[in-house]
Amino acid sequence: FGPLGSTEPWDRAKGVAVQLQHQHERFRISREFRVDRLLDDPQTGSVIAIAFNEFGQLILSQEGGPLLIASPDEDDPTKLGEPRVFCKLVSSCQGLLPLNGDLFVTGQGPDGVGLYRLSDVDRDGELEKAERLIAFTGGLGEHGPHGLTLGPDGMLYCIIGNFSKPQVPFAPTSPVVATYEGDLLEPKMEDPGGHAVGVKAPGGTVV
């Protein structure tokens, strides 16, 4: 906290030397840890999701762009090499789950917004097959489909925000298999802030 323009890390004026731009207290960590810059903004663009695969490579999802991948440096495994394009078939992926050589993502793909499985069929180091497993209505955005994880039961779990809906039936055991919104007062005020007007129950969902 401090005056605008002279407080770290918001003091990146044109006259600030490059080496000084990295010498700030942006991260508060324990004494036994340290923070190293691995990649710079010009190399990655605006990144909205990252994940490590089974081979120690870092997968990066660009906002509005493709997937990138960066491998550990051969001489120094604590550093990453120059990122390269990993998959051009999808964009703006907000959920990434590398699993058994494939990559599961939530994002915009050739068949629209959905949960995709990406595969490197010819083993050339680039994902050239995109199979949509679940379709979503609505866009991506901050309230759309996001995180992916592998559950302890071996199932894939995906969380979807309240502005997007999965095109799959609810399980019979789901507590929201039948929803009802009762209104005691008229006129109805769905969202006093005006942001989520028209969004019906259930809101966010997990598949």
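## Contacts, sheet and backbone outliers

Gln94 is in contact with Ile48, Ala49, Thr106, Leu140, Gly141, Pro145, His146 and Gly147, leaving aside its neighbours within four places in sequence. The model is a predicted one. Gln94 belongs to strand β5, residues 91-99. One of its contacts is also polar: the Gln94 side chain reaches the backbone oxygen of Gly141 at 3.1 Å.

**Strand β5 and the cysteines**

Ser92 is another residue of β5. Its phi is near 50°, a positive value in a residue other than glycine. Ser92 counts as buried because its relative accessibility is 15%, and the cut-off for buried is under 20%.

What does a search for disulfides find across the whole structure? It finds 0. Cys87 is in no disulfide; its nearest cysteine sulfur belongs to Cys93, 7.5 Å away. Cys93 is likewise in no disulfide, and the nearest cysteine sulfur to it is that of Cys87. A disulfide requires sulfur atoms within 2.5 Å, so a pair at 7.5 Å does not qualify. Cys87 is buried, at 0% relative accessibility. Cys93 is buried too, with a relative accessible area of 0%.

**A three-stranded sheet**

An open sheet of 3 strands runs in the order β9-β10-β12, with antiparallel pairing. Why is one side of β9 and of β12 left without a neighbour in the sheet? Strands β9 (145-150) and β12 (205-206) stand at the edges and have a single partner strand each, so one side of each lacks a neighbour there. Strand β10, residues 156-160, pairs with β12 in the antiparallel sense over 2 bridges. Ile160 has Thr205 of β12 as its bridge partner.

Pro145 and His146, both among the contacts of Gln94, fall within the 145-150 range of β9.

**Backbone outliers**

Most residues other than glycine have a negative phi, and most peptide bonds are trans. Against that background, a cis peptide bond joins Ala201 and Pro202, with omega about -5°. Pro202 sits in the loop between β11 (165-166) and β12.

Two residues with positive phi are set side by side below.

| Residue | Phi | Place | Relative accessibility |
|---|---|---|---|
| Ser92 | near 50° | strand β5 | 15%, buried |
| Arg123 | about 55° | loop between β7 (112-119) and β8 (129-137) | 64%, exposed |

Is Arg123 buried or exposed? Arg123 is exposed, because its relative accessible area is 64% and the cut-off for exposed is over 50%. Ser92, by contrast, is buried.

Methods: Residues numbered from 1 in each chain as written. Predicted model: local features only at pLDDT ≥ 70, side-chain atom pairs only at ≥ 80, totals over all residues. Heavy atoms only, no water. Pairing = 2+ DSSP bridges. Helix = DSSP H or I, 4+ residues; strand = E, 2+ residues; numbered from the N terminus. Polar contact = N/O pair within 3.5 Å; in protein donor to acceptor, adjacent residues only side chain to side chain. Contact = heavy atoms within 4.5 Å. Buried < 20%, exposed > 50% of the residue type's maximum accessible area, 1.4 Å probe, protein only.
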